[in-house]
There are 2 protein chains.
Amino acid sequence: MAGPLDQLARQAERSPALWATVVPALRQMIVSGALAPGAHLPEGELAAALEMSRGPIREALIELEREGLVVLRRHRGAQVIALTDEDIEEIYTLRLSLEQLAITRALPRLTDEHLATMDDVLEQMRALGPDYEPQTALDLDFAFHDVLYQAAAHSRLDRAWQQIRSQVAMLLHSRHVARRDFHEIAYAEHKAIRDIITSGDTTAATEAINHHLTGAYHRLITARH
Amino acid sequence: MAGPLDQLARQAERSPALWATVVPALRQMIVSGALAPGAHLPEGELAAALEMSRGPIREALIELEREGLVVLRRHRGAQVIALTDEDIEEIYTLRLSLEQLAITRALPRLTDEHLATMDDVLEQMRALGPDYEPQTALDLDFAFHDVLYQAAAHSRLDRAWQQIRSQVAMLLHSRHVARRDFHEIAYAEHKAIRDIITSGDTTAATEAINHHLTGAYHRLITARH
DNA sequence: TAAATGTCAATGGTTAACAATCAACGGTTT
DNA sequence: AAACCGTTGATTGTTAACCATTGACATTTA
């Protein structure tokens, strides 16, 4: 099925716009800490470094601002955000709200394919040892939660999630650099949610998400102090 | 307090960027139906009409896309969205989720100033006759609900709300063109919420919001068929 | 006649140059 | 010494021209 012609057909466009290639690159540098909180990102410097004009850089920065990873100040240049405890509280209270809507909508819509994906991710979580890469932790964590948003089939909810997802990535990355415990807790935490999904109990599911994200929030805050 | 010097100090910038002046103008034309759903908005045409280059037009369209009022297609030009029943269902389920978070957070944070604003808006709703302008209906409706988001003091929640707020405006505008009943129901609906706010009962408040937005959703759907 | 291929007008994407903004800093004045 | 003012470097915002994409339509081929 996935022959070379299929791949060509799936390619939405011949070559992506330059800004669309810049966004993931900058996002990853910010999330991973390669571009540190507070780092200054003048358009001209980025343009020179990435060997393109300022136009596509400018559009990429607008997108990163939308994702909450940079702040733009008129005539002052972009700056990587530094997330405070208050920011974390905002991110997690909004995340809880969105994820409760996601799981409520996902429960009657999850397909065998969705569940298979979740189980596969759970398997990878279980197999993780203590020397995991921080990036792996957030990749697996998102792979699990993203399924709920996909199954919810709600484009505006997904967009709202995408708007804080990069900030969550940034938080999880730095947390797992500071303290590696994903291998100890990730499987059990997410398996519990998976089991409740099987039960189809909406109330239990929203409570499980509440418990899970509240725990995650507290681990984030604790890791910073 | 609000002398001319205060106003100068509050002015964030000498003159706003061109894209920042274009956004409200286009938004209003879309919301009011002056630019109809499906209308085609090539950058070049807008630039000529507004007497500026394509750069600021482009940035304005990116912002309107973020607000869900236009879709951008590569090399095909922007197009005003046409909202389906499915879109309305998405908008209102997400709105309910956001507004429940807003009112939960607002309850312990509402100041006398917030409450005075709400009461003033309620007074204007009560005074409305059957020949109200559709724009007035959505202005008052938003003036009321926006207070909750302000009192919630949650920048990411506010941003998520701003992302669907323009679409709600579009829906409310066309609904009140089609059927003028705001003067009959707006005061009672919102007064009920206001009274529960006074009580400080969070459970009652989220239930009231649920009831209010579910009713609003059904009136929207009914007005279309 | 249907499928494949080529053309093209409409449109966005990118570029480099120029204009406008703004906060920091140094000099001047009180 | 503190306040005020002008300058300036760093940076974004805007412009017009040029390059690339794309889907509809016309033409060619089997």
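**A colleague's note on DNA strand C and the two helices 4**

1. A good place to start is B:Gly77: one of its backbone N or O atoms lies 3.3 Å from a sugar or linking oxygen of DNA strand C. Please keep in mind that this is a predicted model.

2. Two other contacts are worth finding on chain A. At A:Leu18, a backbone N or O atom lies 2.4 Å from a phosphate oxygen of DNA strand C. At A:Arg76, an N or O atom of the side chain is 2.7 Å from a base oxygen of that strand.

3. Which elements give two or more residues to the surface near DNA strand C? From chain A they are helix 2 (18–31) and helix 4 (54–66), and from chain B helix 3 (43–50), helix 4 (54–66) and strand 3 (77–80). Helix 4 of chain A has the largest share, 3 residues.

4. Stepping back, 26 residues surround DNA strand C, and those that come nearest are A:Leu18, A:Ser53, A:Arg76, B:Arg54 and B:Arg58. Of the strand's atoms within 4 Å of the protein, 66% belong to sugar and phosphate. The residues of this surface comprise 11 charged, 8 polar and 7 nonpolar.

5. Now look at helix 4 of chain A beside helix 4 of chain B. Their axes come within 12 Å and cross at roughly 25°; an angle under 35 degrees counts as roughly parallel, and the two helices are therefore roughly parallel to each other. Their crossing is right-handed.

6. Arg58, Glu59, Ile62 and Arg66 of chain A make this contact with Arg58, Glu59, Ile62 and Arg66 of chain B. By type, these residues are 6 charged and 2 nonpolar, with no polar ones.

Terms used
Residues numbered from 1 in each chain as written. Chains lettered and ligands numbered in written order. Predicted model: local features only at pLDDT ≥ 70, side-chain atom pairs only at ≥ 80, totals over all residues. Heavy atoms only, no water. Near = heavy atom within 4 Å. Polar contact = N/O pair within 3.5 Å; in protein donor to acceptor, adjacent residues only side chain to side chain. Helix = DSSP H or I, 4+ residues; strand = E, 2+ residues; numbered from the N terminus. Nonpolar A, V, L, I, M, F, W, Y, C, P; charged D, E, K, R; others polar. Axes fitted to C-alpha atoms, helices over the stretch in contact; angles between N-to-C directions. Parallel < 35°, antiparallel > 145°, perpendicular 65-115°, else oblique. Left-handed = near helix turned anticlockwise from the far one by under 90°. Contact = heavy atoms within 4.5 Å.
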